[in-house]
Amino acid sequence: MATLDQCRAALDRLAHNLSSADGEVRSAAALDRSVSCRITDLDTTFVGRLADGGLQDVTCVAGPPPEKAEIRLTMTGDDLVALVDGRLNFARAWGSGRVRLEAGLRDLMRLRTLL
């Protein structure tokens, strides 16, 4: 099972990857939306903003998110680390229910290039 520190490091890598991306990925990451990533096996949620081409103001709270974010992810810590490391395909994980993504239809359409 991935630790809280490993999950935080994975989100830091994701933030770096987004901020250094270009083309369609950079355009998709240019949304300004609140984001939450619930880590079910650690009973923890990371909350922050997707803005200016990256993840910003990421904090960690115990339990479920305090507010409903505009983009919501739910998964295990191992799946978060595997997704960021490229060992888990997002589409397959989402299709099988290992990863949940909730967002508005327009956001989902733009986010597909990130995932």
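Me: In this predicted model, which residues of H1 are buried, and how wide an arc do they cover around the axis?
Reply: Within H1 of the predicted model, the buried residues are Cys7, Ala10, Leu11, Ala15 and Leu18. Because these residues cover so limited an arc around the axis, they lie on the same side of H1, and that arc is only 140°.

Me: Which exposed residues does H1 carry on the face turned away from its buried side?
Reply: Exposed here requires over 50% relative accessible area. On the face of H1 that is turned away from the buried side, the residues meeting that description are Asp5 and His16.

Me: What distance does H1 reach from its first C-alpha to its last?
Reply: Helix H1 runs over residues 4–19 and so has 16 residues, for which 22 Å would be expected at 1.5 Å a residue. The reach in the model is close to that expectation, at 23 Å.

Me: Is Val58 buried or exposed, or does it fall in between?
Reply: Val58 has its place in strand S3, which spans residues 54–62. Buried means under 20% relative accessible area and exposed means over 50%. Because the relative accessibility of Val58 is 33%, Val58 counts as partly exposed.

Me: Which residues is Val58 in contact with, leaving aside its neighbours within four places in sequence?
Reply: A contact requires heavy atoms within 4.5 Å. With those sequence neighbours left aside, the residues in contact with Val58 are Arg8, Leu11, Phe46, Val47 and Gly48.

Me: What distance separates the C-alpha atoms of Val58 and Asp12?
Reply: Along the chain, Val58 and Asp12 are 46 residues apart. In space, the separation of their C-alpha atoms is 9.0 Å.

Key: Residues numbered from 1 in each chain as written. Predicted model: local features only at pLDDT ≥ 70, side-chain atom pairs only at ≥ 80, totals over all residues. Heavy atoms only, no water. Helix = DSSP H or I, 4+ residues; strand = E, 2+ residues; numbered from the N terminus. Buried < 20%, exposed > 50% of the residue type's maximum accessible area, 1.4 Å probe, protein only. Arc of directions from axis to C-beta.
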